[in-house]
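Work through the exercises below with the sequence and the model in view, and try each task before reading its solution.

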Amino acid sequence: MQHNADANEGKARAKADRQGHFFARTAWIMLALVLASFPLTYFWPVISDSTQFRALRHLHGALFFVWIALYAWQAQLVAARKVARHMEIGLFGFAVSGAMVPMGWWMAQAAGLERSAKGAARPWES
């Protein structure tokens, strides 16, 4: 009986390892996609000073970038079986996640007002 229990535990651990590595790889791919998505619309205008962004846009971008980077790091910690560290950092992630909702709403309102000031016919639609 003990041999079957050990075999089942080994299979469960192998499955958990595969899942952990899958989620870690997926999280890093998501981070790479985020980084690849913003060079022309954000990073290049900031570097070239061709567009003046309000501080709100920088704060919004930083907060959301911190969230996706933290997500990738957290997934990597679980895949490496460093769950205690993952849980410690998770409290910071919880705070960041809580800040994202009001920040997203605030940025959406500001963007709508900017489009309205420029005469957009439907400023609240992107």
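**Exercise 1. Determine what share of the protein chain counts as buried, and describe its surface and fold.**

Step 1. Of the 126 residues of the protein chain, 20% count as buried, where buried means under 20% relative accessible area, exposed means over 50%, and partly exposed covers the range in between, with a 1.4 Å probe and protein chains only. The model is a predicted one, in which local features need pLDDT of at least 70 and side-chain atom pairs count only at pLDDT 80 or more, while totals for chains, interfaces and linings use all residues. Residues are numbered from 1 along each chain as its sequence is written, and side-chain values use heavy atoms, with hydrogens and water left out.

Step 2. The accessible surface of the protein chain comes to about 9300 Å², and 67% of this belongs to carbon and sulfur atoms; the areas come from the Shrake-Rupley method with a 1.4 Å probe, and for residues only the protein chains shown count as cover.

Step 3. The protein chain has four helices and zero strands, helices being DSSP runs of H or I with at least four residues and strands runs of E with at least two, numbered from the N terminus. Along the sequence this gives the pattern α-α-α-α.

Step 4. Among the contacts in the protein chain with a separation of 6 or more, 60% are accounted for by residues 24 or more positions apart, a contact being heavy atoms within 4.5 Å.

**Exercise 2. Check the length of α3 against its expected span, then list its buried residues and describe what follows the helix.**

Step 1. The expected span of a helix is 1.5 Å times one less than its number of residues. Because α3 has 25 residues, it should span 36 Å at 1.5 Å a residue, and its end C-alpha atoms are indeed 36 Å apart, which agrees.

Step 2. The buried residues in α3 are Leu56, Leu63, Ile68, Leu70, Ala72, Gln74, Ala75, Leu77 and Ala79. Gln74 has a relative accessible area of 10% and is therefore buried; not counting residues up to four places away in sequence, Gln74 touches His86, Ile89 and Gly90.

Step 3. Arg81 lies in the loop between α3 and α4 and has a positive phi of about 60° although it is not a glycine. With a relative accessible area of 46%, Arg81 is partly exposed.

**Exercise 3. Describe the largest pocket by its volume and lining, and place His60 within the helices.**

Step 1. The largest pocket has a volume of about 530 Å³. On a 1 Å grid over the protein atoms alone, a pocket is an open set of points where a 1.4 Å probe fits, with protein on both sides within 12 Å along at least five of seven lines, and lining residues have an atom within 4 Å of a point. Grid points are joined across faces, edges and corners, and the volume is the space filled by probe spheres set on the points.

Step 2. The lining has 19 residues, of which Phe38, Tyr42, Arg57, His60 and Gly61 lie nearest the centre of the pocket. At least two lining residues come from each of α1 (2-37), α2 (39-48), α3 (55-79) and α4 (83-117), and α3 gives the most, with seven residues.

Step 3. By class, the lining holds 12 nonpolar, three polar and four charged residues, with Ala, Val, Leu, Ile, Met, Phe, Trp, Tyr, Cys and Pro counted as nonpolar, Asp, Glu, Lys and Arg as charged, and the others, Gly among them, as polar.

Step 4. His60 is in helix α3 and is partly exposed, with a relative accessible area of 22%. Leaving aside neighbours within four places in sequence, His60 is in contact with Met103, Gly104 and Met107, and the C-alpha atoms of His60 and Ala99, 39 residues apart in sequence, are 9.8 Å apart in space.

**Exercise 4. Find the separation of Ile29 and Ala72 and of Gln19 and Ala79, and identify the contacts of Trp124.**

Step 1. Ile29 is found in helix α1 and counts as exposed, at 52% relative accessibility. The C-alpha atoms of Ile29 and Ala72 are separated by 8.7 Å, with their positions 43 residues apart along the chain.Step 2. Gln19, also in helix α1, is partly exposed, with a relative accessible area of 40%; Gln19 and Ala79 are 60 residues apart in sequence and 8.0 Å apart in space, C-alpha to C-alpha.

Step 3. Trp124 lies in the segment after α4, and, leaving aside neighbours within four places in sequence, Trp124 is in contact with Ala108, Gln109, Gly112, Leu113 and Arg115.
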